[in-house]
Amino acid sequence: MRIAADRHLTYCTNIHPGETWAEVQRTLRHHLPPLKAALAPEAPFGVGLRLSRRAVDDLRQEAALVAFRDWLAAHDLYVFTLNGFPYGGFHQQVVKDRVYAPDWRTEERVDYTVRLAEVLAALLPEGLEGGISTSPISYKPWLAEAERRAVRRIGARHVARVVAALVRLERDTGAFIHLDIEPEPDCLIENAAEWIGFYEDDLLHEGRAELAGVLGETPAAAEAALRRHVQLCYDTCHFAVEFETPAEVWAALDAAGIGVGKVQISSALDVPIPPRSADRAGVHRALEPFAESTYLHQVVARHRDGRLTRYPDLLEALPRLAGTDAEAWRIHYHVPLFADRYGPLSSTRPDVEATFDVLGQTGACRHLEIETYTWDVLPEALKIDLGASIRREYDWVLEALDARGLGRRPHPQGSSPRTREQP
């Protein structure tokens with residue numbers, strides 16, 4: 001939904017199971033009209049689509065695209081962002097590190113992302129920019145240390161090929177789409193320093209040369225296209241797990257001249273470690289229900305001297321809780337925004353609020369997306385009706401944004417999404 005003159009809010013439909021377009025369509029028809037009726041009854045309502053490779057291939061068919069556009073228009077809905085991170089299965093199966101495959105070394109990742117862009121260009125309302133969030137090149141445990149620089153370079157060249165497709169799409173259709181790379185713990189790009197390093201050392205060298213050759217442009221024109229079309233997806237959960245503050249990250253991005261295309265809004269688990277072993281037993285019991293087998297839940301431990309220790313998954317970290325000398329753990333687990341405590345555990349919701357504060361100061365980033373997708377694997381005590389959960393997430397976000405003057409519930413006289421002015 002449009003929450004300000006140039007800012008849009010949605011939630012990511014990766015919440016819902018569905019790997020084929022038919023499955024995705026069923027969940028959209030079930031969930032979106034009631035949400036719109038509750039949150040934006042007289043104004044257009046934005047949609048953040050997650051499409052697997054199977055689903056995007058189905059939707060690319062002309063008849064499917066026309067039918068979906070007609071359905072969106074009939075229900076006053078509009079699509080402005082896609083989640084292109086998970087390529088394949090994401091629900092009701094073991095995902096773990098398979099969520100990163102195929103990575104940016106592969107033709108499959110390039111082709112999938114270009115297909116997503118073609119679909120988004122066909123759906124995007126006139127005058128509104130679009131974004132596609134994507135994976136952070138590869139997953140470190142798959143790579144020997146000596147391989148990582150080479151993989152970053154290959155990834156940069158492949159990203160540049162996608163940018164070439166985005167440049168051509170804009171020329172042909174007028175649709176401006178940016179690719180928003182999403183750092184994540186234990187990935188080849190997991191924090192601000194690695195993101196800026198990839199951008200400056202790989203994308204603006206290997207990627208620039210690749211793009212200049214593909215498009216027949218000068219290096220300066222190729223760099224301008226990369227800077228315009230490749231931006232950051234700032235996931236508030238992921239950066240909080242890395243113990244990086246929004247103000248520090250955004251200042252570094254500003255200094256490097258790198259844009260933020262999308263903010264994904266979600267909280268991580270924040271676990272202060274009690275000094276007494278007897279108290280740690282209670283923390284251990286509270287964490288056990290979160291140590292589930294579907295997704296990776298990376299753990300970053302901060303020690304009193306500032307050192308960080310990393311564990312690839314909560315299942316591996318939990319047996320080490322009793323003997324750790326860390327003062328706090330942060331866990332990659334997209335917990336609900338509307339709650340900030342889970343017994344002896346807390347969340348990184350203050351980092352979400354700090355991100356909104358930075359947005360208020362800078363005015364940067366037009367796309368905001370609620371991305372709490374772990375409803376199916378939450379401990380039983382936290383599970384409530386999915387529709388009610390999504391509504392509570394929206395209510396919390398809208399209230400927090402409104403308190404900072406960053407957004408409001410849509411005006412009853414909201415304009416048609418097909419006649420929006422350029423943000």
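Modeller: Let's start with a term: rings of Phe, Tyr and Trp count as a pair if their centres lie within 6.5 Å, with the six-membered ring used for Trp. Keep in mind that the model in front of us is predicted.

Biologist: Fine. Which residues form one aromatic cluster here?

Modeller: Phe85, Tyr100, Tyr139 and Trp142 do.

Biologist: And how many aromatic pairs does the structure hold?

Modeller: It holds 18 of them. One is made by Trp195 and Tyr199, with 5.3 Å from centre to centre and 70° between the planes.

Biologist: Is the pair of Trp195 and Tyr199 stacked or edge-to-face?

Modeller: Planes over 60 degrees apart count as edge-to-face, so at 70° Trp195 and Tyr199 form an edge-to-face pair.

Biologist: Where do Trp195 and Tyr199 sit along the chain?

Modeller: They're both in helix α6, which covers residues 192-215. Because they are four residues apart in that helix, about one helical turn separates them.

Biologist: Are Trp195 and Tyr199 buried or exposed?

Modeller: Under 20% relative accessible area counts as buried. Trp195 has 0%, so it is buried, and Tyr199 is buried too, at 1%.

Biologist: What about charges and rings: which ring does the charged end of Arg228 sit over?

Modeller: That's the ring of Phe176, with the charged end of Arg228 3.9 Å from the ring centre. Have a look at Arg392 as well: it lies over the face of Phe338, 3.8 Å from the ring centre.

Biologist: Now the empty space. How do I read the largest pocket, and what is its volume?

Modeller: A pocket is open, whereas a cavity is a space the probe cannot get out of. The largest pocket holds about 270 Å³ of space. Of its 15 lining residues, Gln231, Gly259, Val260, Ala364 and Cys365 are the closest to its centre.

Biologist: Which elements each supply at least two residues of that lining?

Modeller: α9 (246-256) and β8 (260-265). The largest share, three residues, comes from α9. By class, the lining of the largest pocket has six nonpolar, six polar and three charged residues.

Biologist: How many cavities of 30 Å³ or more does the structure hold?

Modeller: Two. The second largest has a volume of about 40 Å³.

Biologist: What lines the second largest cavity?

Modeller: Thr13, His16, Pro17, Gly18, Val24, Thr27 and Arg50. Sorted by class, that lining has two nonpolar, four polar and one charged residues.

Definitions and conventions:
Residues are numbered from 1 along each chain as its sequence is written. This is a predicted model: local features need pLDDT of at least 70, side-chain atom pairs count only at pLDDT 80 or more; totals for chains, interfaces and linings use all residues. Side-chain values use heavy atoms; hydrogens and water are left out. On a 1 Å grid over the protein atoms alone, a cavity is a set of points where a 1.4 Å probe fits but cannot get out, and a pocket is an open set with protein on both sides within 12 Å along at least five of seven lines; lining residues have an atom within 4 Å of a point. Grid points are joined across faces, edges and corners, and a volume is the space filled by probe spheres set on the points. Ala, Val, Leu, Ile, Met, Phe, Trp, Tyr, Cys and Pro count as nonpolar, Asp, Glu, Lys and Arg as charged, and the others, Gly among them, as polar. Rings of Phe, Tyr and Trp (its six-membered ring) pair if their centres lie within 6.5 Å; planes under 30 degrees apart count as stacked, over 60 as edge-to-face and the rest as tilted. Buried means under 20% relative accessible area, exposed over 50%, partly exposed in between (1.4 Å probe, protein chains only). A charge sits over a ring if NZ of Lys or CZ of Arg is within 6 Å of the ring centre and within 35 degrees of the ring normal.
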